Amino acid sequence: MSARLVLLAIGAAALVAARPPMRYQPDPSSVIAAEIAFNRLAQDKGQWTAFRETAADDAVMFVPDKVLAKDWLKKQADPPASVSWSPSTVYVSCDGRLAASTGNWKRPDGSVGYFTTIWRRDKKGRWQWVLDHGDTLASPRPASDILSGKVASCKRPARPDGPPAKDGKDAPPADDSLLWTAEVAPDKSRRVTVRMWTGAAYETVIDDSVKAGS
């Protein structure tokens, strides 16, 4: 794992080399480290304890309705053994304040699934999660042995003073370089999407849809 983090740190350094100074560097390895620490805390202190201790005050989760996480979590007792998880891909905003991670999880009973976590830095620069989402799968999603980290572009549109195009291609980040949505439909199906600014357009990098009843 340490070798992967070193590779990601080197890649992140190359990505930010041409950017103007920012308070927080958009470093994917720091998000991966936060996910790894989150999982370790769950194994050591309990699943819901870890979720409570790392959640932002306004964090939301699906149970299956979308709820304020801290209100729901304070009523939950830790299970005898925690689910375990590991990230496979991380996306970070241009200014380094927002991130999305996704990967696979496994329960003690052997069932598997995927997760998506939205992370945001607090006033002290610590990563806190603001959205937890996932679902069960028949088999784990394919995952590379090398963790992937990508940073949104800081590039402004070619015509910053012109009217925004209907397709959004001329919309500057400022800093909306990483956008996410989490919605529950009337039939209780839900969808989480993450879009990343490429410098010319928004690319959908995560699109998780869960059927009603899941």
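**Exercise 1.** Which residue in β4 is the bridge partner of S84?

*Solution.* The model examined here is predicted, and the search begins with the two strands concerned. Step one is to find how they run: β3 and β4 are antiparallel, and eight bridges join them. Step two is to look across from S84, where the bridge partner in β4 turns out to be K106.

**Exercise 2.** Place β3 and β4 within their sheet, and find which strands stand at its edges.

*Solution.* Start with the overall inventory, which comprises four helices and ten strands, arranged along the sequence as α-α-α-β-β-α-β-β-β-β-β-β-β-β. Seven of the strands form an open sheet with mixed pairing, and their order is β2-β1-β6-β5-β4-β3-β7. The edge strands, each of which pairs on one side only, are β2 (66-68) and β7. Finally, consider the twist: on average, and ignoring direction, neighbouring strands of this sheet are turned by 20° against each other.

**Exercise 3.** Describe how helices α2 and α3 lie relative to the strands.

*Solution.* Take α2 before α3. Helix α2, which spans residues 28-45, lies across β3, β4, β5 (112-121), β6 (127-137) and β7, and it runs at about 160° to β3. Helix α3, made of residues 47-54, lies across β1 (55-62), β3 and β6, and its direction is at about 130° to β1.

**Exercise 4.** Is α3 mostly covered or mostly uncovered, and what covers its buried residues?

*Solution.* First count the buried positions: six of the eight residues of α3 are buried, and the helix is mostly covered. The buried residues are Q47, W48, T49, A50, F51 and T54. Then look for the cover, which includes α2, β1, α4 (69-73), β3 and β6.

**Exercise 5.** Starting from F51, trace the largest nonpolar core.

*Solution.* Begin with the surroundings of F51, which touches F38, M61, L73, W85, W129 and D132 when residues up to four places away in sequence are not counted. Next, widen the view to the largest nonpolar core, which has 26 residues and in which F51, W85, W119 and W129 touch the most other members. The elements that contribute two or more residues to this core are α2, α3, β1, α4, β3, β4, β5 and β6. Of these, α2 gives the most, with six residues. A second, separate core holds 17 residues, among them A56, L98, I118 and A152.

**Exercise 6.** Find the disulfide, say which parts of the chain it links, and explain how its two cysteines are classed by accessibility.

*Solution.* The structure holds one disulfide, which joins C94 to C154 with an S to S distance of 1.6 Å. The link of C94 and C154 is right-handed, with 105° about the S-S bond. It connects distant parts of the chain, since C94 is in the loop between β3 (84-92) and β4 (98-106), while C154, 60 residues apart from it, is in the loop between β7 (148-151) and β8 (178-184). For the last step, the cut-off for a buried residue is under 20% relative accessible area. C94 counts as buried because its relative accessibility is 7%, whereas C154, at 22%, is partly exposed.

**Exercise 7.** What percentage of the residues in the protein is buried, and what percentage of its exposed area do carbon and sulfur atoms supply?

*Solution.* Of the 214 residues in the protein, 44% are buried. The exposed area is about 11400 Å², and carbon and sulfur atoms supply 54% of it.

Terms used
Residues are numbered from 1 along each chain as its sequence is written. This is a predicted model: local features need pLDDT of at least 70, side-chain atom pairs count only at pLDDT 80 or more; totals for chains, interfaces and linings use all residues. Side-chain values use heavy atoms; hydrogens and water are left out. A disulfide is a pair of cysteine sulfur atoms within 2.5 Å. Buried means under 20% relative accessible area, exposed over 50%, partly exposed in between (1.4 Å probe, protein chains only). Accessible areas come from the Shrake-Rupley method with a 1.4 Å probe; for residues, only the protein chains shown count as cover. Two strands pair if DSSP finds at least two bridges between them. Axes are lines fitted to C-alpha atoms, for helices over the stretch in contact, and angles run from 0 to 180 degrees between N-to-C directions. Contact means heavy atoms within 4.5 Å. A nonpolar core is a set of buried Ala, Val, Leu, Ile, Met, Phe, Trp, Tyr and Cys residues joined through side-chain atoms within 4.5 Å.
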